Amino acid sequence: MIKGICYRNENGQVIKNLARTILPMDTFSDVNYELIDVEKYFQKKGRRQLDYISSTGCHFRCTFCADPFVYERKWTAISAEIMVEKLAELHKKYQFTDLNLQDETYFTFRNRVVEIAERLIEKT
(Lines give C-alpha, C1' and ligand atoms only; values in the text may rest on other atoms or scores of the structure.)
Protein backbone atom coordinates (compact mmCIF):
# COMPACT_ATOMS: atom_id res chain seq x y z
CA MET A 1 0.00 0.00 0.00
CA ILE A 2 1.24 3.47 -0.88
CA LYS A 3 0.23 6.00 1.76
CA GLY A 4 -1.32 9.27 0.62
CA ILE A 5 -2.96 8.19 -2.63
CA CYS A 6 -6.51 7.55 -3.81
CA TYR A 7 -7.46 5.47 -6.82
CA ARG A 8 -10.25 3.44 -8.37
CA ASN A 9 -9.84 -0.31 -8.30
CA GLU A 10 -10.81 -2.62 -11.15
CA ASN A 11 -14.46 -2.57 -9.93
CA GLY A 12 -14.59 1.26 -10.05
CA GLN A 13 -14.61 1.54 -6.25
CA VAL A 14 -12.68 4.52 -4.85
CA ILE A 15 -9.89 3.41 -2.56
CA LYS A 16 -8.38 6.00 -0.21
CA ASN A 17 -5.18 4.87 1.46
CA LEU A 18 -3.98 6.14 4.79
CA ALA A 19 -2.50 9.63 4.77
CA ARG A 20 1.25 10.11 4.62
CA THR A 21 2.88 11.56 7.69
CA ILE A 22 4.19 15.08 7.19
CA LEU A 23 7.85 14.93 8.07
CA PRO A 24 9.99 17.84 9.28
CA MET A 25 11.49 19.52 6.21
CA ASP A 26 14.87 19.79 7.94
CA THR A 27 15.18 16.02 7.39
CA PHE A 28 14.73 16.28 3.60
CA SER A 29 17.61 15.97 1.17
CA ASP A 30 18.62 19.17 -0.58
CA VAL A 31 16.92 19.94 -3.87
CA ASN A 32 19.32 19.02 -6.64
CA TYR A 33 19.34 22.11 -8.87
CA GLU A 34 21.96 20.42 -11.05
CA LEU A 35 19.18 18.34 -12.59
CA ILE A 36 18.34 21.39 -14.70
CA ASP A 37 20.43 23.85 -16.66
CA VAL A 38 20.14 26.70 -14.14
CA GLU A 39 21.67 29.30 -16.48
CA LYS A 40 19.16 28.40 -19.20
CA TYR A 41 16.39 28.57 -16.57
CA PHE A 42 17.48 32.10 -15.62
CA GLN A 43 17.57 33.08 -19.30
CA LYS A 44 14.02 31.79 -19.89
CA LYS A 45 12.78 33.73 -16.85
CA GLY A 46 14.54 36.87 -18.03
CA ARG A 47 16.26 37.34 -14.67
CA ARG A 48 18.42 35.42 -12.23
CA GLN A 49 15.49 34.45 -10.04
CA LEU A 50 15.74 31.30 -7.94
CA ASP A 51 12.51 29.55 -6.97
CA TYR A 52 12.56 28.05 -3.47
CA ILE A 53 10.07 26.22 -1.26
CA SER A 54 10.73 26.41 2.48
CA SER A 55 7.44 25.14 3.91
CA THR A 56 4.46 23.02 3.05
CA GLY A 57 0.97 22.50 4.39
CA CYS A 58 -1.38 24.85 6.16
CA HIS A 59 -3.28 25.00 9.46
CA PHE A 60 -6.27 26.84 8.00
CA ARG A 61 -9.48 25.74 6.23
CA CYS A 62 -10.06 28.16 3.38
CA THR A 63 -13.03 26.95 1.34
CA PHE A 64 -11.28 27.46 -2.00
CA CYS A 65 -8.20 25.38 -1.10
CA ALA A 66 -7.42 21.66 -1.12
CA ASP A 67 -4.55 21.93 1.38
CA PRO A 68 -6.69 21.21 4.47
CA PHE A 69 -7.54 17.84 2.92
CA VAL A 70 -4.13 17.11 1.47
CA TYR A 71 -2.11 18.07 4.55
CA GLU A 72 -4.83 17.51 7.17
CA ARG A 73 -4.25 21.07 8.45
CA LYS A 74 -0.63 20.31 9.33
CA TRP A 75 2.36 22.47 8.43
CA THR A 76 6.10 21.93 8.33
CA ALA A 77 9.02 24.12 7.34
CA ILE A 78 12.77 24.28 7.02
CA SER A 79 14.19 25.94 10.11
CA ALA A 80 15.41 29.51 9.65
CA GLU A 81 19.00 28.51 10.39
CA ILE A 82 19.12 25.70 7.83
CA MET A 83 17.17 27.68 5.23
CA VAL A 84 19.56 30.64 5.35
CA GLU A 85 22.59 28.33 5.15
CA LYS A 86 21.13 26.54 2.11
CA LEU A 87 20.25 29.84 0.43
CA ALA A 88 23.78 31.13 1.05
CA GLU A 89 25.23 28.01 -0.60
CA LEU A 90 22.85 28.34 -3.55
CA HIS A 91 23.65 32.04 -3.93
CA LYS A 92 27.38 31.34 -3.91
CA LYS A 93 26.92 28.68 -6.59
CA TYR A 94 24.35 30.37 -8.87
CA GLN A 95 24.64 34.11 -8.09
CA PHE A 96 20.87 34.67 -8.26
CA THR A 97 19.63 38.25 -7.81
CA ASP A 98 16.00 37.47 -6.93
CA LEU A 99 14.51 34.88 -4.61
CA ASN A 100 10.99 33.68 -5.37
CA LEU A 101 9.55 31.95 -2.30
CA GLN A 102 6.98 29.47 -3.55
CA ASP A 103 5.52 28.72 -0.10
CA GLU A 104 1.75 28.96 0.02
CA THR A 105 1.84 30.21 3.61
CA TYR A 106 5.29 31.78 4.00
CA PHE A 107 4.08 34.83 5.95
CA THR A 108 1.79 32.87 8.28
CA PHE A 109 4.35 32.51 11.06
CA ARG A 110 5.71 35.99 11.72
CA ASN A 111 8.47 34.95 14.13
CA ARG A 112 9.94 32.57 11.55
CA VAL A 113 9.82 35.22 8.83
CA VAL A 114 11.54 37.75 11.10
CA GLU A 115 14.23 35.23 12.09
CA ILE A 116 14.90 34.36 8.44
CA ALA A 117 15.13 38.06 7.53
CA GLU A 118 17.50 38.77 10.42
CA ARG A 119 19.72 35.81 9.52
CA LEU A 120 19.81 36.89 5.87
CA ILE A 121 20.85 40.40 6.89
CA GLU A 122 23.62 38.95 9.09
CA LYS A 123 24.90 36.94 6.10
CA THR A 124 25.31 40.04 3.92
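## A walk through a predicted fold

I2, I5 and Y7 come together on the surface as a nonpolar patch, and their accessible area adds up to about 280 Å². Keep in mind as you look around that this is a predicted model.

Let's stay with that patch for a moment. Y7 sits in strand β1, which covers residues 6-8. Is Y7 buried or exposed? It counts as partly exposed, because its relative accessibility is 40%.

Now look at N17, in the loop between β2 (14-16) and α1 (38-45). N17 has a relative accessible area of 12%, so it is buried; the cut-off for that label is under 20%. Which residues does N17 touch, once its neighbours within four places in sequence are set aside? They are M1, I2, K3, G4, I5 and Y7. So the patch residues I2, I5 and Y7 turn up again among the contacts of N17. With I2 there is also a polar pairing: a polar atom in the side chain of N17 lies 2.7 Å from the backbone oxygen of I2.

Next stop, the inside. In soluble globular proteins, nonpolar side chains tend to be buried together. Here the largest nonpolar core has 17 residues, and the ones touching the most other members are Y33, Y52, M83, L90, Y94 and I116. At least two core residues come from each of α1, β3 (49-52), α3 (80-94) and α4 (110-123). The top contributor is α3, with 6 residues.

Y94 is a handy one to click on. Apart from neighbours within four places in sequence, Y94 is in contact with Y33, E34, V38, E39, F42 and R48. One of those, E39, has another partner at the start of α1: a side-chain oxygen of D37 comes to within 3.3 Å of the backbone nitrogen of E39. Just after α1 you'll find G46, with a positive phi of about 80 degrees.

Over in strand β6 (residues 98-101) is L99. With a relative accessible area of 32%, L99 is partly exposed. L99 and Q49 are 50 residues apart in sequence, but their C-alpha atoms are 5.5 Å apart in space. Leaving out residues up to four places away in sequence, L99 touches L50, Y52 and L87. Y52 is also one of the well-connected core residues from earlier.

Finally, the charged pairs. How many salt bridges does the structure hold? There are 8, including these:

| Pair | N to O distance |
|---|---|
| K86 and D30 | 2.9 Å |
| D98 and R47 | 3.6 Å |
| K123 and E85 | 2.9 Å |

What does each pair connect? K86 is in helix α3 and D30 is in the loop between β2 and α1, so this bridge ties together parts 56 residues apart in sequence. K86 is buried, at a relative accessible area of 15%.

D98 belongs to strand β6, while R47 is in the loop between α1 and β3, so that pair links parts 51 residues apart in sequence. D98 is partly exposed at 29% relative accessibility, and R47 is partly exposed at 43%.

K123 and E85 join two helices, α4 and α3, so they tie together parts that are 38 residues apart in sequence. K123 is partly exposed, with a relative accessible area of 44%, and E85 is partly exposed too, at 37%.

Technical notes: Residues numbered from 1 in each chain as written. Predicted model: local features only at pLDDT ≥ 70, side-chain atom pairs only at ≥ 80, totals over all residues. Heavy atoms only, no water. Patch = residues over 30% accessible without salt bridge, like charges linked within 9 Å, V, L, I, M, F, W, Y side chains within 5 Å. Areas by Shrake-Rupley, 256 points an atom, 1.4 Å probe, with all protein chains shown as cover. Salt bridge = Lys/Arg side-chain N within 4 Å of Asp/Glu carboxyl O. Helix = DSSP H or I, 4+ residues; strand = E, 2+ residues; numbered from the N terminus. Buried < 20%, exposed > 50% of the residue type's maximum accessible area, 1.4 Å probe, protein only. Polar contact = N/O pair within 3.5 Å; in protein donor to acceptor, adjacent residues only side chain to side chain. Contact = heavy atoms within 4.5 Å. Core = buried A, V, L, I, M, F, W, Y, C linked by side-chain atoms within 4.5 Å.
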